[in-house]
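Student: Could you take me through one part of this model in close detail? I would like to see how that part relates to what lies around it.

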Amino acid sequence: MSRGFLNTAAPLSTDLVLVVEVGMGAALVLGTVLARQGRYRAHAWCQSAVVLLNLVLIAFIMAPSFSSQVASEVPGHLGDSYYAIAVAHGALGAVAELLGLYILLVAGTDILPKRIRFTRYKPWMRTALALWWSVLLLGIGTYVRWYVVPLWER
């Protein structure tokens, strides 16, 4: 695997994912602005694209990385920040992604039965945005702990 472009110990794919995730965080904020402007169709496309792209990144990059580097060390090494931050990121990330998918299904389809649908969109979407940004910050923390701190320890 080739070295990344952020001048850390991270591989190229990890640097790319980090930059894409930060871009998706910005896109979610843009989507919020679109909703406040009353541009709901553009808001829906923007937020949906982020949720679905994130699902692809989770499935093909993050989950395999978590499985190979973290899962076998839990719960025995949760006292080590290397594992603790990654576990927090993974657990909250799963909740955020599931919430995003739920919102997408409720707001964009008629698939779910009425009894499990919400009608007040703002609290759900604001919660999802806050949770997503918390997960993004934990992801950046994971990146720093895994690929920047080891450089300082040399």
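**A close look at helix α2**

Tutor: Happy to! Helix α2 has 30 residues, and from its first C-alpha to its last it reaches 40 Å, close to the 44 Å expected at 1.5 Å a residue. Keep in mind as we go that this is a predicted model. Along α2 there is a kink of about 45°, centred on I58.

Now for the side of the helix that is hidden. The buried residues of α2 are H43, C46, Q47, V50, V51, N54 and L57. As a general background, an α-helix has 3.6 residues a turn, so residues three or four places apart point the same way.

V50 leads us to the wider packing. The largest nonpolar core has 16 residues, and V50 is among those with the most contacts inside it, together with M24, A96, L99, I103 and W132. Two or more residues of this core come from each of α1 (12-36), α2 (40-69), α3 (81-108) and α4. The most comes from α4, which gives five residues. In general, nonpolar side chains tend to be buried together in soluble globular proteins.

M24 is a good place to see α2 from the other side: leaving aside neighbours within four places in sequence, M24 is in contact with V50, L53, N54, L57 and W132. There is also a second, separate core of nine residues, including V70, A86, W146 and V148.

To finish, look at R145, which is placed in helix α4 (residues 121-152). R145 counts as buried because its relative accessibility is 17%, under the 20% cut-off. The side chain of R145 makes a polar contact with that of S81, at 2.8 Å.

Methods: Residues numbered from 1 in each chain as written. Predicted model: local features only at pLDDT ≥ 70, side-chain atom pairs only at ≥ 80, totals over all residues. Heavy atoms only, no water. Helix = DSSP H or I, 4+ residues; strand = E, 2+ residues; numbered from the N terminus. Buried < 20%, exposed > 50% of the residue type's maximum accessible area, 1.4 Å probe, protein only. Polar contact = N/O pair within 3.5 Å; in protein donor to acceptor, adjacent residues only side chain to side chain. Core = buried A, V, L, I, M, F, W, Y, C linked by side-chain atoms within 4.5 Å. Contact = heavy atoms within 4.5 Å. Expected span 1.5 Å × (residues − 1). Bend = angle between axes of the 7 residues up to and from the residue.
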